[in-house]
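Got the viewer open? Let's take a walk along the chain, one selection at a time.

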Amino acid sequence: MRVEEQTTADVVKRLRRAEGQIRGVIAMLESGRDCAEVVTQLAAVSRALDRAGFKVIASGLEQCMDPDADLADRKANLEQMEKLFLSLA
């Protein structure tokens, strides 16, 4: 199951933002910033990564519901999406 082109663009944008946040966290650590500030930024990065993952899963779920797909394929894809969702939860 492939990720749709528009979803890929959205997810890449989110991941690039998270990449910048991670660089910011590294800079905070290297400059000796307060622990609470660092943890707050780490939580923000974690949420950004989760949102990117859920966006990919949502795209996969849409494909699972394709009425033209074989029932067995839809069921297998849905089970795969459920496992992926639980890996992020």
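Start with the contacts across the protein chain: among those with a separation of 6 or more, residues 24 or more positions apart account for 66%. Contact here means heavy atoms within 4.5 Å.

A quick word on what you're looking at. This is a predicted model, where local features need pLDDT of at least 70 and side-chain atom pairs count only at pLDDT 80 or more, while totals for chains, interfaces and linings use all residues. Residues are numbered from 1 along each chain as its sequence is written, and side-chain values use heavy atoms, with hydrogens and water left out.

**Zoom out: the whole chain**

Switch to cartoon and colour by secondary structure. You'll find three helices and zero strands, in the order α-α-α from the N terminus on. Helices (H or I, at least four residues) and strands (E, at least two) are DSSP runs, numbered from the N terminus.

Now show the C-alpha atoms alone. Along the principal axes they fill a box of roughly 55 × 25 × 10 Å. The radius of gyration of the protein chain is 17 Å, against near 12 Å for a compact globule of 89 residues; it is taken over C-alpha atoms, and the globule rule is 2.2 Å times the number of residues to the power 0.38.

Turn on the surface next. The protein chain exposes about 6,500 Å², with carbon and sulfur atoms supplying 56% of it; these areas come from the Shrake-Rupley method with a 1.4 Å probe, and for residues only the protein chains shown count as cover. Of the 89 residues, 19% count as buried. Buried means under 20% relative accessible area, exposed over 50%, and partly exposed in between (1.4 Å probe, protein chains only).

**Select H1**

Pick residues 5-30, which make up helix H1. H1 has 26 residues and reaches 37 Å from its first C-alpha to its last, close to the 38 Å expected at 1.5 Å a residue. The expected span is 1.5 Å times one less than the number of residues in the helix.

Which residues in H1 are buried? Highlight Thr7, Asp10, Val11, Ala18, Val25 and Met28. Here's a handy rule for looking down a helix axis: an α-helix has 3.6 residues a turn, so residues three or four places apart point the same way.

Show Thr7 as sticks: Thr7 is buried, with a relative accessible area of 9%. Leaving out residues up to four places away in sequence, Thr7 touches Lys55, Val56 and Ser59.

Move on to Val11, which also lies in H1 and counts as buried at 9% relative accessibility. With neighbours within four places set aside, Val11 is in contact with Ala52, Lys55 and Val56. Try the distance tool too: the C-alpha atoms of Val11 and Arg47, 36 residues apart along the chain, are separated by 13 Å.

Then select Gly20, again in H1. Is Gly20 buried or partly exposed? Gly20 is partly exposed, with a relative accessible area of 30%. Drop a distance from Gly20 to Val45: they are 25 residues apart in sequence and 9.2 Å apart in space, C-alpha to C-alpha.

Carry on to Met28, buried with a relative accessible area of 10%. Beyond its neighbours within four places in sequence, Met28 is in contact with Arg33, Glu37, Val38 and Gln41. For a long ruler, join Met28 to Met81: 53 residues apart in sequence, they sit 36 Å apart in space, C-alpha to C-alpha.

Just after H1, stop at Gly32 and check its backbone torsions: phi is positive, about 80°.

**Select H2**

Now take residues 35-64, helix H2, and find Ser59 inside it. Ser59 counts as buried at 3% relative accessibility. Which residues is Ser59 in contact with, leaving aside neighbours within four places in sequence? They are Val3, Glu4 and Thr7, so keep Thr7 displayed, since Ser59 appears among the residues that Thr7 touches.

Step along to Gly60, also in H2 and buried at 5% relative accessibility. Its C-alpha atom and that of Gln80, 20 residues apart along the chain, are separated by 9.2 Å.

**Last stop: charges**

Colour by charge to finish. The mean positions of the 13 positive and 15 negative charges are 5 Å apart. Lys and Arg count as positive and Asp and Glu as negative, with His and the chain ends not counted; the places used are NZ of Lys, CZ of Arg, CG of Asp or CD of Glu.
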